[in-house]
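Student: I have a chain in front of me and would like a close look at a single part. Please take one loop and show me how its surroundings are built.

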Amino acid sequence: MGITTDIFVIKKRVSLCLVVLPVVLAVLLCLVLFWQWKQFGMTDKKNPPVENRTYISGDGPQLLAQSMRVAQGQGLLLSQMAQARDERGNDISSHLIFRCHTAGIDGGRFSTERAGIHEVEIEVKSPVSGKTAEKTIQLLVDGRVME
């Protein structure tokens, strides 16, 4: 009776592991996917805050810009895409020059009517030193319907 009881207990533990292990792995996978989606995906309709963007630092002007993702048709001001500071820390965002060959830029707005990945070239020239800073970011215009 002892051997059959031990086998029954082992079968029960193996069965329990076969049920619990996939559930635990599924939960972990969901957590990782949620983290990735929150960090890199569309979590809300707002653009990422400027504080989360990266600076290109040096002895010239500092350009603050980061690749972003927006919904198709969502209004996007150029001022939401980048900011710049001169060597003294003064805001020179009004000197930013934006170029995109695959989408339109008009009246301070980026056209998000065409879905796809658009490369946006950003340039700023410091009025203090005359030096320039350049950066190319990617703007993903998501064609899915976002609510």
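Student: With which side chain does the side chain of Ser 126 make a polar contact?

Tutor: The side chain of Ser 126 makes that polar contact with the side chain of Glu 87, at 2.7 Å. Keep in mind that this is a predicted model.

Start with the place. Ser 126 lies in the loop between β9 and β10. The residue is buried, with a relative accessible area of 2%. The cut-off for buried is under 20%. Leave aside the neighbours within four places in sequence. Ser 126 is then in contact with Pro 61, Asp 86, Glu 87, Ile 92 and Lys 131.

Now the hairpin around that loop. Six residues lie between the strands β9 and β10. Gly 130 belongs to this hairpin and takes a positive phi near 80 degrees. The two strands pair in the antiparallel sense, over ten bridges. In this pairing Lys 125 stands opposite Thr 132 of β10.

Next, the sheet that holds the hairpin. Strands of a sheet pair through backbone hydrogen bonds, either parallel or antiparallel. This sheet is open, has four strands and runs in the order β3-β10-β9-β6, with mixed pairing. The edges are β3 (68-71) and β6 (97-100). Each edge strand has a single partner strand, so one side of each is left without a neighbour in the sheet. On average, neighbouring strands here are turned by 30 degrees against each other, direction ignored.

Take the two edges in turn. β3 pairs with β10 in the parallel sense, over four bridges. There, Val 70 stands opposite Val 141. At the other edge, β6 runs antiparallel to β9 (residues 116-125), and four bridges join them. Cys 100 stands opposite Val 120 of β9. Arg 99 has Glu 121 in β9 as its bridge partner.

β6 also shows two faces. Phe 98 and Cys 100 are on the covered face. Ile 97 and Arg 99 are on the uncovered one.

That leads to the core. In soluble globular proteins, nonpolar side chains tend to be buried together. Here the largest nonpolar core has 22 residues. Met 81, Leu 96, Phe 98, Phe 110, Val 120, Ile 122 and Leu 139 are those with the most contacts inside it. At least two residues of this core come from each of β2 (62-65), β3, β5 (82-85), β6, β9 and β10 (132-142). β10 gives the largest share, four residues.

Val 120 is a good residue to follow through this core. Not counting residues up to four places away in sequence, Val 120 touches Met 81, Phe 98, Arg 99, Cys 100, Phe 110, Lys 135, Thr 136, Ile 137 and Leu 139. Among these, Met 81, Phe 98, Phe 110 and Leu 139 are also on the list of core residues with the most contacts.

Phe 110 takes us to another loop. Ala 103 sits between β6 and β7. Ala 103 is buried, with a relative accessible area of 14%. Again not counting residues up to four places away, Ala 103 touches Phe 110, Ser 111 and His 118. Ala 103 and Ala 115 are twelve residues apart in sequence. In space they are 9.5 Å apart, C-alpha to C-alpha.

β7 belongs to another open sheet. That one has three strands in the order β4-β8-β7, with antiparallel pairing. β4 (76-77) and β7 (105-106) stand at its edges. Each has a single partner strand, so one side of each is left without a neighbour in the sheet. Two bridges join β7 to β8 (residues 109-110). Asp 106 stands opposite Arg 109 in β8.

Last, the whole chain. The secondary structure comes to one helix and ten strands. Along the sequence the helix comes before the strands, in the pattern α-β-β-β-β-β-β-β-β-β-β. Of the 147 residues, 25% are buried. Among contacts with a separation of 6 or more, 54% join residues 24 or more positions apart. The accessible surface is about 10100 Å², and 59% of that belongs to carbon and sulfur atoms.

Back to your loop: Ser 126 is buried, and its side chain makes a polar contact with that of Glu 87.

How values were computed. Residues are numbered from 1 along each chain as its sequence is written. This is a predicted model: local features need pLDDT of at least 70, side-chain atom pairs count only at pLDDT 80 or more; totals for chains, interfaces and linings use all residues. Side-chain values use heavy atoms; hydrogens and water are left out. Two strands pair if DSSP finds at least two bridges between them. Axes are lines fitted to C-alpha atoms, for helices over the stretch in contact, and angles run from 0 to 180 degrees between N-to-C directions. A nonpolar core is a set of buried Ala, Val, Leu, Ile, Met, Phe, Trp, Tyr and Cys residues joined through side-chain atoms within 4.5 Å. Buried means under 20% relative accessible area, exposed over 50%, partly exposed in between (1.4 Å probe, protein chains only). Contact means heavy atoms within 4.5 Å. Accessible areas come from the Shrake-Rupley method with a 1.4 Å probe; for residues, only the protein chains shown count as cover. A polar contact is a pair of N or O atoms within 3.5 Å; within protein, one must be able to donate a hydrogen and the other to accept it, and residues adjacent in sequence count only if both atoms are side-chain atoms.
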